[in-house]
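Load the model, pick a cartoon view and keep the selection box handy. We'll go stop by stop, with something to click at each one.

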Amino acid sequence: MSALEEHQDVHAPDQLKPTNRRRAQKGAIISAVVLLMFFWGNQEGNTEKVWLVVIAIGLVAAVIGDVVLRKAGLRPND
């Protein structure tokens, strides 16, 4: 096979179909809720709970930050 036969199209990130933002936000919120549901598990110490809360807060903060930046016009609406 020659090099021309193996050629594949190259796409820049801005040419790709945008992801569904609402679905990603709902997924992050659901993941945060599931992480907080792990409070009632079989762990003995509190270290796990601290990490669960920190990660859940990080997910929610990312969603809130995205919404605020889009409302302020600092991020493009896809």
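Start by colouring helix α1, where Val34 has its place; helices here are DSSP runs of H or I with at least four residues, strands are runs of E with at least two, and numbering goes from the N terminus. Before you click further, note that this is a predicted model, in which local features need pLDDT of at least 70 and side-chain atom pairs count only at pLDDT 80 or more, while totals for chains, interfaces and linings use all residues. Residues are numbered from 1 along each chain as its sequence is written, and side-chain values use heavy atoms, with hydrogens and water left out.

**The whole chain**

Zoom out for a moment. The protein has two helices and zero strands. Switch on the surface: about 6,900 Å² is accessible, and carbon and sulfur atoms own 62% of that. These areas come from the Shrake-Rupley method with a 1.4 Å probe, and for residues only the protein chains shown count as cover.

How much of the protein is buried? Of its 78 residues, 12% are, where buried means under 20% relative accessible area, exposed means over 50%, and partly exposed is in between (1.4 Å probe, protein chains only). If you like contact maps, take the contacts with a separation of 6 or more: residues 24 or more positions apart account for 52% of them. A contact here means heavy atoms within 4.5 Å.

**Stop one: Val60 and Ala32**

Select Val60, which you'll find in helix α2. Val60 counts as partly exposed because its relative accessibility is 30%. Now draw a C-alpha to C-alpha distance to Ala32: the two are 28 residues apart in sequence and 7.0 Å apart in space. Skipping residues up to four places away in sequence, Val60 touches Ile29 and Ala32. Keep Ile29 lit, as it comes back at the next stop.

**Stop two: the nonpolar patch**

Add Ile30, Val33, Val34, Met37 and Phe38 to Ile29, and you have a nonpolar surface patch of about 560 Å². Patches are built from residues with over 30% relative accessible area and no salt bridge; nonpolar side chains (Val, Leu, Ile, Met, Phe, Trp, Tyr) are joined within 5 Å, and like charges within 9 Å. Click Val34 within that set: its relative accessibility is 38%, so it counts as partly exposed.

**Stop three: the positive patch**

Which residues gather in a patch of positive charge on the surface? Select Arg22, Arg23, Lys26 and Lys71. For the bookkeeping, Lys and Arg count as positive and Asp and Glu as negative, with His and the chain ends not counted. Each charge is placed at NZ of Lys, CZ of Arg, CG of Asp or CD of Glu. Helix α1 (residues 21-37) supplies the largest share of this patch, three residues. Lys71 sits in helix α2 (residues 47-72), and it counts as exposed because its relative accessibility is 73%.

**Stop four: Gln25**

Next, click Gln25, also found in helix α1. Is Gln25 buried or exposed? With a relative accessible area of 10%, Gln25 is buried. Leaving out residues up to four places away in sequence, Gln25 touches Val63, Asp66 and Val67. Follow the contact to Asp66 for the last stop.

**Stop five: Asp66 and its arginines**

Asp66 belongs to helix α2 and is buried too, at 10% relative accessible area. Beyond its neighbours within four places in sequence, Asp66 is in contact with Arg21, Gln25 and Arg75.

Show the side chains and look for salt bridges: a side-chain nitrogen of Lys or Arg within 4 Å of a carboxyl oxygen of Asp or Glu. The count by this rule is two. One joins Arg70 to Asp66, at 3.1 Å from N to O. Arg70 and Asp66 are about one helical turn apart because four residues separate them in helix α2, and both are buried. Arg75 makes another with Asp66, its closest N and O atoms 3.0 Å apart. Arg75 itself is partly exposed, with a relative accessible area of 39%. Select Asp66, Arg70 and Arg75 together and you have the linked network of salt bridges.
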